[in-house]
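Hi everyone, thanks for coming along. I'd like to walk you through a structure that is probably new to most of you, so please take a look at it with me.

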Amino acid sequence: MSAAGPAAADDDSELERLRSEVRDLRARARVYPLISQAQGLLQERYALPDGESAFALMQRASQRYNVKLRTLAGFLVTAPRPDGREQLWFPRRVRQPEPALTFTSAHRSGSGSRGAVLKAVLSHTLAVTGAGMGNVQLTDQARGGLRIEEHTGHTPEFVDFFAHVGDDGTACARAARDVAPVTVRDVESDPLFSEPARRAILAAGSRACHSVPLTTASGLCVGMVSAHLDRPVQGLTTAQAKALDIVGGQAGRWLAWHDHTVVLDALEHLHALGRAGRGSRFRRS
């Protein structure tokens, strides 16, 4: 090995470490403003002495109902303010039974296990399409657009670049806008992509993709599952399209149930704690 060999390896290692730090900082920057906004809202609503107490309230509800802090904060800042005359935050909501998922038994591991359901959605989609890379995105309550919630096979650079997707320039954005599946047969030549998005996808080894909306019974897009392949494709067979349509519809209905049941249960619990401890100091568990 030449004398430059170890030094070059050390330089590459340091460069990758710095890139990883930058990706971590960007990820925190995407979440921090939302968490901070939710803390301020809770401080004002329940006369809490500091932001730490507000964070502790969110943490307790998050842990009890297995709802991510980011998800809880997104609903907190977009949900209507509780009526001061009512003890409950959502006094007139109607509870619905958990929808069935025929493509997986993940939901039977416990109501509210959204992570298990999303993993099952992605795993089944990759199996149907024969893809080795893919991700599940959910609609972003606070910002709009889509954010990656589950992924496999992607490079860290891909996940960082597509952590949040807006209204155009990608297959998933088009599928969300039209509430219809989108297949890109060749990423390199398809005019659908913005050039930065095209370069990021090609650099990650993806040459084709299928994006399938996760839709509610009323036809609302609440998320997206995308499969990425390392070669151009001709499209989906009728059987593949039907299988993915079932996944998209069942998963979308389950996610809507989760939002209107488990997440609202978490907010209701947080509200009860805040009312009972108004003006008190809360500590993280």
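Let's begin with a question: what percentage of the residues in the protein chain is buried? Of the 285 residues, buried ones make up 47%. Please keep in mind that this is a predicted model.

Now for the overall layout. The protein chain has 8 helices and 6 strands. If you read along the sequence, the pattern goes α-α-α-α-β-β-α-β-α-β-α-β-β-α. The C-alpha trace spans about 65 × 55 × 35 Å along its principal axes. Contacts across the sequence are worth a mention too: taking the contacts with a separation of 6 or more, 63% are between residues 24 or more positions apart.

Let's turn to the sheet. The 6 strands make an open sheet, and its order is β3-β2-β1-β6-β5-β4, with antiparallel pairing. At the edges sit β3, residues 164–165, and β4, residues 182–184, each of which pairs on one side only. As a general reminder, strands of a sheet pair through backbone hydrogen bonds, either parallel or antiparallel.

Let me zoom in on β5, which covers residues 208–215. How many of the residues of β5 are buried? The count is 8 of 8, so to speak a mostly covered strand. In a regular strand, side chains alternate between the two faces of the sheet. You can follow that here: A208, H210, V212 and L214 point one way from β5, while C209, S211, P213 and T215 point the other way, and all are buried.

What about the partners of β5? On one side, 3 bridges join β4 to β5, and the two run antiparallel. There, V184 stands opposite C209. Strand β6, residues 221–229, is also antiparallel to β5 and is joined to it by 8 bridges. Two of the facing pairs are H210 with A227 and T215 with C221. The hairpin of β5 and β6 has 5 residues between the strands, and in it G219 takes a positive phi near 90°.

Now the helices that meet this sheet. Helix α4, residues 114–129, lies across β1, β2, β5 and β6, and runs at about 70° to β2. Another one to look at is α6, residues 171–178, where A171, C172, A173 and A175 are buried. Which strands do those buried residues pack against? They pack against β1, β2, β3, β4, β5 and β6. Just after α6, V179 takes a positive phi of about 50°.

Here's a residue I'd like you to find: E150, in strand β2, residues 146–152. Is E150 buried or exposed? E150 counts as buried because its relative accessibility is 15%, and the cut-off for buried is under 20%. Its side chain makes a polar contact with the side chain of K119, at 3.0 Å. Leaving aside neighbours within four places in sequence, E150 is in contact with G115, L118, K119, L122, G134, N135 and V136.

For a contrast, look at S36 in helix α1, residues 4–46. S36 is partly exposed, because its relative accessible area is 30%, and partly exposed lies between the 20% and 50% cut-offs. S36 and A73 are 37 residues apart along the chain, and their C-alpha atoms are separated by 8.9 Å.

Finally, the empty spaces. How many cavities of 30 Å³ or more does a search of the whole structure find? It finds 2. The largest cavity holds about 140 Å³ of space. Its lining has 15 residues, and F75, R114, T139, Q141 and R147 lie nearest the centre. At least two lining residues come from each of α3, β1 and α8, and α3 gives the most, with 4 residues.

There is also a pocket to show you, the second largest, with a volume of about 230 Å³. It is lined by 14 residues, of which F75, Q141, L220, D259 and H260 lie nearest its centre. Here α3, β6 and α8 each supply at least two residues, and α8 gives the most, with 4. If you'd like one thing to find on your own screen, try F75: it is among the residues nearest the centre of the largest cavity, and also among those nearest the centre of this pocket.

Note on methods. Residues are numbered from 1 along each chain as its sequence is written. This is a predicted model: local features need pLDDT of at least 70, side-chain atom pairs count only at pLDDT 80 or more; totals for chains, interfaces and linings use all residues. Side-chain values use heavy atoms; hydrogens and water are left out. Buried means under 20% relative accessible area, exposed over 50%, partly exposed in between (1.4 Å probe, protein chains only). A polar contact is a pair of N or O atoms within 3.5 Å; within protein, one must be able to donate a hydrogen and the other to accept it, and residues adjacent in sequence count only if both atoms are side-chain atoms. Contact means heavy atoms within 4.5 Å. Two strands pair if DSSP finds at least two bridges between them. Axes are lines fitted to C-alpha atoms, for helices over the stretch in contact, and angles run from 0 to 180 degrees between N-to-C directions. On a 1 Å grid over the protein atoms alone, a cavity is a set of points where a 1.4 Å probe fits but cannot get out, and a pocket is an open set with protein on both sides within 12 Å along at least five of seven lines; lining residues have an atom within 4 Å of a point. Grid points are joined across faces, edges and corners, and a volume is the space filled by probe spheres set on the points.
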